[in-house]
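Colleague: Thanks for making time for this one. Could you walk me through the model, a question at a time?

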Amino acid sequence: MRHNSRTVLPGFGLSLGITCTYLSLLVLIPLATVFTKTAELSGPAFWATVTDPRVVASYRVTFGASFVAALVNTVFGLLVAWVLVRYRFPGRRLVDAMVDLPFALPTAVAGIALTTLYVPNGWVGGYLEPLGIQVSYTWIGITVALIFIGLPFVVRTVQPVLDDLEVEVEEAAASLGARRWQTFTRVVFPTVAPALLTGFAMAFARAIGEYGSVVFISGNMPMKTEIVPLLIITKLEQYDYAGATAVALVMLVVSFLLLLTINLLQWVARRRLAV
Amino acid sequence: MSIEVRNLRKAFGTFVALDDVNLDVPGGELVALLGPSGSGKTTLLRIIAGLEPADQGLIRFEGEDTTDRPVRERQVGFVFQHYALFRHMSVFENIAFGLRVRPRPVRPSDEEIRDTVMGLLRLVQLEALGQRRPSELSGGQRQRVALARALAVKPKVLLLDEPFGALDAKVRKELRRWLRRLHEEVHVTSVFVTHDQEEALEVSDRVVIMNEGRVEQSGTPEEVYERPATPFVYGFLGDVNLFHGRIDRGRVKVGASELDAPEWAEARDQAGVAYVRTYDVELTPSSSGRSSIETIVRHIRAFGPVIRLELDRVEDGGSVEAHLPRAQYDKLGLVKGQRVFVSPTSVRVFAGPADGSAARIA
C-alpha cells in the first residue's frame with residue numbers, strides 16, 4: 001500500500017530523525033551524564049547528600065521563591081499584556097520592547113542592580129527599611145530577582161491570545177448584562193487561562209534554574225538564603241562532583257514532575273477551550 | 001418598545017460619523033439601516049446600544065431617556081457581524097450567559113435557565129447542537145446562536161450589526177427570510193445594519209437610508225424604492241441611468257431629445273439630471289417621438305428572464321443600460337451593433353449637475 005502512506009506533508013521521517021538526534025545531543029545526553037555521575041555514589045551516600053539539612057533548606061528556598069515569583073509574574077504579566085494589547089498610548093512600543101530586556105541583560109548585571117536598589121541604604125531599600133521590610137539578603141530579595149528574570153515569559157505567552165480575543169466579545173458580555181468583573185472571570189480569564197498556565201510554567205522553570213542574579217541579592221546565608229544552584233556550585237568548587245550531580249538530579253526530577261503536571265493541567269484546560 | 005433618536009452627533013477626531021441624526025423606530029418594527037460603508041450606520045447602532053457614547057443628542061426608549069445609561073442596563077440584545085461568541089463555552093452556555101450573570105435575587109433557577117435555553121435552541125433550530133462548541137458550527141449556525149444568546153435576556157430592543165455580512169450568498173438569503181419569520185414570531189423592536197439594498201428591502205418593515213452621517217430618507221421599502229427623495233437614494237437602490245441636460249418649462253433637454261418633467265413647469269433653463277431606472281425604458285427600431293434617444297447595441301447578456309443590454313448613445317457615446325423582459329427582447333430581435341431607440345417611460349428629474357463623469361450608478 002505504498003501510495004496510501006503518501007501524504008501532502010512529506011519529510012516526516014527525516015525531520016523527526018533530525019529532531020531526535022538534535023535533542024539527544026543537546027538535552028538528553030548531557031542530562032544522562034547527571035545520572036551516570038550520580039551513580040558513583042552508593043545508595044546511603046546519595047541519600048545522605050540529598051537530605052542534608054542545608055540542602056533541604058535550599059530546596060525550600062529555590063522552589064518556594066520560584067513559585068511565588070512565578071505567581072506574581074502571572075498576575076502582573078497578565079496586566080502588562082492587557083495594557084499592551086488593549087490600549088494605545090505614546091511609548092507603547094517602547095514598553096513592549098522593555099519587556100524583553102530581562103531576556104537580554106546578563107543576569108549578574110540584573111542581580112547587582114537590584115541589590116544596589118534594595119540594600120537598606122539604597123534608593124528603594126531606604127524607604128522600605130523604616131517599614132521594617134528588608135529585601136536584600138533575604139528570601140524576599142531572591143523572589144524579587146526571580147520576578148525580574150521571569151517577567152517576559154508570561155507577557156509573551158499571553159499577549160497573542162489577548163490579541164485574538166476581540167473587543168466585541170467583551171462588548172457582547174456587557175450587552176448581556178455582565179458586570180466588568182463577571183466579564184473578566186467568565187469570559188476573558190477562561191480564554192487566556194491556558195496561555196497563562198504556560199507562561200507560569202516557563203517563568204517557574206526559569207526561576208528554578210536561575211543563578212546569576214540571585215547570588216548577589218540573596219546574601220547566601222546557609223539554611224536561610226541559599227538556593228540549590230549555589231549549593232551545586234559550592235560542591236563543584238570543592239571537587240565533590242558526585243555530590244553536585246546528586247543534588248542536581250533531585251532538582252531535575254522534581255522540576256520535570258512539576259512541568260509534567262503543569263502540562264497535564266494545560267492539556268485539560270485546552271481541551272475544555274477547544275479552540 | 002419604540003426608539004427615538006434626536007439630533008445625534010458623533011465625531012471621531014475630525015471625521016464626522018453622525019451629523020444631526022434623527023430617527024424614530026416604532027415599537028415592534030423591524031427597521032433596516034442601509035448605507036454604504038462609512039455612512040455612519042454602525043456608529044448609530046452602537047450608540048443606540050450604548051457601546052459608544054454620543055457627542056450630542058438624545059436616545060429614548062419608549063420615551064425614557066437612556067442616553068447616559070451603560071450598555072448592560074439598557075436591555076438591548078446586540079448581534080455582531082462576526083458573532084462574538086464565547087468560544088470556551090458550549091452553545092448552551094453561550095445562550096445561558098445573560099441569565100447566569102444576573103444578580104442572585106433576580107437570577108432564574110438552573111431549571112428555568114435550562115427551559116429558556118432549550119426553548120431558544122428550538123426557536124433557532126439548533127436543538128441538537130446545545131453541547132457543541134462554537135468552533136464546531138458553521139457560520140450560519142453561529143449567527144443563530146448569537147441571536148438566541150441576545151434574545152435570552154428578553155431585550156427590549158434587538159440590534160444587529162451586519163448580521164449576515166460574513167456569510168456566503170446562499171446562507172445569507174436563507175437566514176434573512178428566517179430572520180423575517182422570527183421577527184413575526186417574537187415581535188421585538190429590531191434594528192439591523194446592512195449595506196445590501198436587496199437585504200434591506202426584502203426583510204424590513206422600514207428602511208432608513210444613510211449617507212455621510214445623515215439620514216437621506218426613511219420609509220417603507222416600497223416608498224423608498226418607488227419614490228426616492230434624493231439623487232443618492234435613487235442611485236443607491238437599484239440600477240439607474242443618468243441623463244444630464246437642461247430643465248426648461250417642464251421638459252429636460254438631453255442632447256436632441258426631450259423628456260417630460262411636469263413637476264419642473266416653473267423651471268427656466270437650469271442644469272438638471274434625469275434619473276431613469278434600467279427597466280423603465282422602451283426600445284423601438286425607429287424613433288417614436290421627441291423623447292427617443294438614438295443608441296447602438298454594444299453588449300447583450302441574454303440569460304435568465306430579464307435581458308440586460310448595454311447601449312451607446314449615438315450623440316455623445318454615453319452609456320445606457322436597459323433591462324428587458326425576454327418576450328419583448330425576442331420580438332425585437334436585437335443584435336450587437338444594431339441601431340435602436342430608447343424612450344424612457346418614467347423619469348425623475350433632480351436639479352443641479354450631478355457628478356458628470358458617472359453616466360450610470362449601480
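Modeller: Gladly! Let's begin with a cut-off: a residue is buried if 20 or more other C-beta atoms lie within 10 Å of its own. Please keep in mind that this is a predicted model.

Colleague: Thanks, that helps. Is V154(A) buried or exposed?

Modeller: V154(A) is found in helix α8 of chain A, which covers residues 139-164. The cut-off for a buried residue is 20 or more other C-beta atoms within 10 Å. V154(A) has 30 C-beta neighbours inside 10 Å, so V154(A) counts as buried.

Colleague: Which residues does V154(A) touch, not counting residues up to four places away in sequence?

Modeller: One pair gives a feel for the surroundings: V154(A) and T198(A) are 44 residues apart in sequence, with 7.6 Å from C-alpha to C-alpha. Leaving out residues up to four places away in sequence, V154(A) touches N73(A), T74(A), G77(A), L78(A), L196(A), G199(A), F200(A) and A203(A).

Colleague: Zooming out to the chain, what percentage of the residues in chain A is buried?

Modeller: Chain A has 13 helices and 0 strands, and its C-alpha trace spans about 75 × 65 × 30 Å along the principal axes. Among contacts in chain A with a separation of 6 or more, 78% are between residues 24 or more positions apart. Of the 275 residues in chain A, the buried share is 34%.

Colleague: Now for the partner chain. How many residues of chain A are in contact with chain B?

Modeller: On the chain B side, β6 (76-79) and α2 each supply at least two of the residues that touch chain A. By class, that side of chain B has 11 nonpolar, 4 polar and 5 charged residues. In total, 20 residues of chain B are in contact with chain A residues numbering 19.

Colleague: Within chain B, how are α2(B) and α3(B) oriented to each other?

Modeller: Helix α2 (residues 91-100) and helix α3 (residues 110-123) of chain B have axes that come within 10 Å and cross at roughly 130°. Their crossing is right-handed. With that angle, α2(B) and α3(B) are therefore oblique.

Colleague: And which residues of α3(B) meet α2(B)?

Modeller: The residues of this contact divide into 8 nonpolar, 1 polar and 1 charged. From α2(B) come F92(B), I95(B), A96(B), L99(B) and R100(B). In α3(B), they meet I113(B), T116(B), V117(B), L120(B) and L121(B).

Conventions:
Residues numbered from 1 in each chain as written. Chains lettered and ligands numbered in written order. Predicted model: local features only at pLDDT ≥ 70, side-chain atom pairs only at ≥ 80, totals over all residues. Axes fitted to C-alpha atoms, helices over the stretch in contact; angles between N-to-C directions. Helix = DSSP H or I, 4+ residues; strand = E, 2+ residues; numbered from the N terminus. Parallel < 35°, antiparallel > 145°, perpendicular 65-115°, else oblique. Left-handed = near helix turned anticlockwise from the far one by under 90°. Contact = placed C-beta atoms within 7 Å. Nonpolar A, V, L, I, M, F, W, Y, C, P; charged D, E, K, R; others polar. Buried ≥ 20, exposed ≤ 12 C-beta atoms within 10 Å, placed from the backbone.
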